[in-house]
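Q: I am new to reading protein structures. Please take a close look at one helix and walk me through its surroundings.

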Amino acid sequence: MDLSKILSITGKGGLFKFLSRTPNSFIVEGLDDGKRFPAFSNDGVATLDNIAIFTDTDEVPLQTVFQNIYKKEDGKKMEMPKDNNAIKAYFAEILPEYDRERVYVSNMKKVFTWYNILVEHGLVDLEEPQTEESAAEQTDNQ
């Protein structure tokens with residue numbers, strides 16, 4: 001799963017795919033509606049591979065959280081729990097060590113929503129992303 005080209009933009013619902021860069025902006029495409037538009041760096045653009053969830057000891061990459069949900073749901077979309085206690089309980093199942101003081105229900109809902117969008121578009125799997133080092137290693141071994 002490569003989340004480096006999947007973007008979240010502050011103030012805009014959903015997720016976006018990075019298409020190209022212009023001198024002053026990025027061209028993105030909405031995963032839900034397919035509409036293309038420019039996004040500017042001051043719009044609060046973040047790639048999903050740079051987002052992590054606070055735990056009691058460290059931070060866990062969002063990709064790991066998505067993979068935990070993917071395993072729990074057998075690769076299918078998940079049903080959003082109805083109330084806050086159910087949301088917290090589900091999140092504790094997929095990431096037991098999450099920091100209960102710094103991870104809010106709104107963060108959990110966003111993770112669940114993003115997960116469903118990614119699964120709908122076939123962008124969640126259990127493969128680890130290939131780093132530059134592992135790609136070079138693989139090339140050397142051939």
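A: Start with Q67, which sits in helix α1, residues 62–72. Keep in mind that this is a predicted model.

Is Q67 buried or exposed? Its relative accessibility is 5%, so Q67 counts as buried, because buried means under 20% relative accessible area. The side chain of Q67 has a partner there. One of its polar atoms lies 3.3 Å from the backbone oxygen of D125.

Now look at how α1 meets another helix. Two packed helices are described by the angle between their axes and the distance between the axes. Here the second helix is α2, residues 84–94. The axes of α1 and α2 come within 9 Å and cross at roughly 100°. That angle makes α1 roughly perpendicular to α2, because 65 to 115 degrees counts as roughly perpendicular.

Which residues make the contact? From α1 come V65, N68, I69 and K72. From α2 come Y90, F91, E93 and I94. Sort them by class, and the contact of α1 with α2 has 5 nonpolar, 1 polar and 2 charged residues.

Next, follow the chain out of α2. E97 lies in the loop between α2 and α3, the latter spanning residues 105–120. E97 is partly exposed, with a relative accessible area of 34%. Leave out residues up to four places away in sequence, and E97 touches T55, D56 and V60. Take V60 from that list. E97 and V60 are 37 residues apart in sequence, yet their C-alpha atoms are 9.6 Å apart in space.

The loop leads to α3. Check its length. At 1.5 Å a residue, the 16 residues of α3 should span 22 Å. The end C-alpha atoms of α3 are 23 Å apart, so the two values agree.

What do the buried residues of α3 pack against? They pack against α1, α2 and the strands β1 (6–9) and β6 (52–54). So α1, our starting point, is one of the elements that α3 packs against through its buried residues. Those buried residues are V105, M108, V111, F112, W114, Y115, N116, I117, L118 and V119. After α3 comes G122, with a positive phi near 65°.

To recap: Q67 of α1 is buried. The helix α1 crosses α2 at roughly 100°. The buried residues of α3 pack against both α1 and α2.

Key:
Residues numbered from 1 in each chain as written. Predicted model: local features only at pLDDT ≥ 70, side-chain atom pairs only at ≥ 80, totals over all residues. Heavy atoms only, no water. Helix = DSSP H or I, 4+ residues; strand = E, 2+ residues; numbered from the N terminus. Buried < 20%, exposed > 50% of the residue type's maximum accessible area, 1.4 Å probe, protein only. Polar contact = N/O pair within 3.5 Å; in protein donor to acceptor, adjacent residues only side chain to side chain. Axes fitted to C-alpha atoms, helices over the stretch in contact; angles between N-to-C directions. Parallel < 35°, antiparallel > 145°, perpendicular 65-115°, else oblique. Contact = heavy atoms within 4.5 Å. Nonpolar A, V, L, I, M, F, W, Y, C, P; charged D, E, K, R; others polar. Expected span 1.5 Å × (residues − 1).
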